[in-house]
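Dear colleague,

Please find below the structure that I am handing over to you. My findings follow it, arranged by topic so that you may read them with the model open.

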Amino acid sequence: MKAIVVTDRAAGTAGMKLVERPEPQPAINDVVVQVHASGFVPTEMAWPSTWTDRRDRDRTPSIPGHELAGVVAALGYGTTGLSVGQRVFGLADWHRDGTLAEYVAIEARNLAPLPGDVDFTVGASLPISGLTAWQGLFEHGRLRAGQSVIAHGAAGAVGSMVTQLARLAGAHVIGTGRAADRQKALDFGAQEFVDLDSGTLEGVGSVDLVFDVIGGDIGKRSARLIRPGGTLVSIVGPSEARPFDGLAIDFVVESDRAQLSEIVQRIRDGRLRTNIGTVAPLDDAVAAFNSTERRPGKTVIRVRP
């Protein structure tokens, strides 16, 4: 099968190569999925799990990519709940070969059914951004209607999902980003927008929840905006500053079939919109990931036409 592999951590996406690899075999409780589309997060190149297994042993050449949409091609021993030929989407294990390939072996529990009226490209764009936003807002942030939320990077793949889901939950959403991102953030539902380059973040006053996808100085400044009892939720590691009278939580997204189903249902009925920036075929994936142009939104690789 065709697959993108990486072998050199220092080279990052520039070290990606399109090669031929053996098709994967399903382990117990696995399925093999014929991948139709794959999502990709550039920060994967910095994740230890891209390069080593759970025992810290080198596992290169490894196949990156962890979001997928496709069709079940084979079942492993003991696998239940899915069937050959079924359309699925989901989130692959961090420490196993990923989804930038024509086939991937994945635990069945990490997949959810993909309705027939949802395109594979859309399905592949949802798992990381959708689950990250859902879990950060509702599991870790305990968001309730009437609360206020700062969604950093509101025009990005995760931030746009945070913005939309928070609005659907009845929150007041303040989006942030570069000045050029203002209209896109507002289009996704932010009721206010703060240009992070302008230095006016503190002008928004206190809020109940900050969803931080940036970290560093922005994370530290955000901690000071949390009102008593509020929460700073981070996906970029532990915050360097904690709210005076609130919680600081960092987390790594986990696959969840029920949450994936909730998210895709909101896509189907129009309550959620995807934020896809670039779609490229697998043969052009390396070039797409190494483009010098700034391309907002999610990059999705169409593995099959």
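How many cavities of 30 Å³ or more does the structure hold? There is one. Please bear in mind throughout that this is a predicted model.

**The cavity and the pockets**

Rolling a probe the size of a water molecule over the atoms shows where empty space is left. The largest cavity found in this way has a volume of about 30 Å³. Its lining is formed by Ser125, Leu126, Ser129, Ala157, Met161, Thr274, Asn275 and Lys298. Sorted by class, these lining residues are three nonpolar, four polar and one charged.

The largest pocket has a volume of about 1,500 Å³. It is lined by 45 residues, of which Val41, Pro42, Thr43, Ala157 and Val158 are the closest to its centre. Ala157 therefore deserves a second look, as the lining of the largest cavity also includes Ala157. Several elements each give at least two residues to the lining of the largest pocket: helices H2 (127-140), H3 (157-168) and H7 (285-289), together with strands E9 (172-177) and E15 (298-302). By class, the lining of this pocket comprises 22 nonpolar, 15 polar and eight charged residues.

The second largest pocket holds about 190 Å³ of space. Around it you will find Arg54, Leu91, Ala92, Asp93, Trp94, Glu107, Arg109, Asn110, Val253, Glu254 and Ser255. Here the division is four nonpolar, two polar and five charged residues.

**Trp94**

One residue in the lining of the second largest pocket, Trp94, is a convenient place to continue. Trp94 lies in the loop between E5 and strand E6 (103-107). Which residues does Trp94 touch, not counting those up to four places away in sequence? They are Trp47, Ser49, Arg59, His66, Ile128, Val252 and Val253. Val253 also appears in the lining of the second largest pocket. In addition, the C-alpha atoms of Trp94 and Thr50 are separated by 7.0 Å, although the two residues are 44 residues apart along the chain.

**The nonpolar cores**

The largest nonpolar core contains 40 residues, and Phe89, Leu126, Leu137 and Phe211 touch the most other members. The elements that give two or more residues to this core are strands E4 (67-75), E5 (87-91), E8 (148-151) and E11, and helices H1 (120-125), H2, H3 and H6 (257-268). A second, separate core has 34 residues, including Leu100, Ala101, Ala285 and Ala288.

Leu126 links two of these topics, since it belongs to the largest nonpolar core and also lines the largest cavity. Leaving aside neighbours within four places in sequence, Leu126 is in contact with Glu67, Phe89, Leu131, Met161, Ile263, Val264, Ile267 and Thr274. Among these, Met161 and Thr274 are also lining residues of the largest cavity.

**Helix H5**

Against which strands do the buried residues of H5 pack? They pack against strand E11 (207-212) and strand E12 (226-234). Helix H5 covers residues 216-223, and its buried residues are Ile218, Gly219, Arg221, Ser222 and Ala223.

**Backbone details**

Two residues that are not glycine have a positive phi: Asp56, with a value near 65°, and Arg142, with a value of about 50°. Are these residues buried or exposed? Asp56 has a relative accessible area of 61%, and because exposed means over 50%, Asp56 counts as exposed. Arg142 is exposed for the same reason, with a relative accessible area of 59%. Asp56 is placed in the loop between E3 and E4, whereas Arg142 is in the loop between H2 and E8.

The loop between strand E3 (30-40) and E4 also holds Pro61. The peptide bond from Thr60 to Pro61 is cis, with omega near 0°.

**The chain as a whole**

The protein chain has seven helices and 15 strands. Its C-alpha trace spans about 55 × 40 × 35 Å along the principal axes. A compact globule of 305 residues would have a radius of gyration near 19 Å, and the chain has 19 Å, so the two agree. Of the 305 residues, 53% count as buried. Among contacts with a separation of 6 or more, 64% are between residues 24 or more positions apart.

Yours faithfully,
A colleague

Conventions. Residues are numbered from 1 along each chain as its sequence is written. This is a predicted model: local features need pLDDT of at least 70, side-chain atom pairs count only at pLDDT 80 or more; totals for chains, interfaces and linings use all residues. Side-chain values use heavy atoms; hydrogens and water are left out. On a 1 Å grid over the protein atoms alone, a cavity is a set of points where a 1.4 Å probe fits but cannot get out, and a pocket is an open set with protein on both sides within 12 Å along at least five of seven lines; lining residues have an atom within 4 Å of a point. Grid points are joined across faces, edges and corners, and a volume is the space filled by probe spheres set on the points. Ala, Val, Leu, Ile, Met, Phe, Trp, Tyr, Cys and Pro count as nonpolar, Asp, Glu, Lys and Arg as charged, and the others, Gly among them, as polar. Helices (H or I, at least four residues) and strands (E, at least two) are DSSP runs, numbered from the N terminus. Buried means under 20% relative accessible area, exposed over 50%, partly exposed in between (1.4 Å probe, protein chains only). Contact means heavy atoms within 4.5 Å. A nonpolar core is a set of buried Ala, Val, Leu, Ile, Met, Phe, Trp, Tyr and Cys residues joined through side-chain atoms within 4.5 Å. The radius of gyration is taken over C-alpha atoms; the globule rule is 2.2 Å times the number of residues to the power 0.38.
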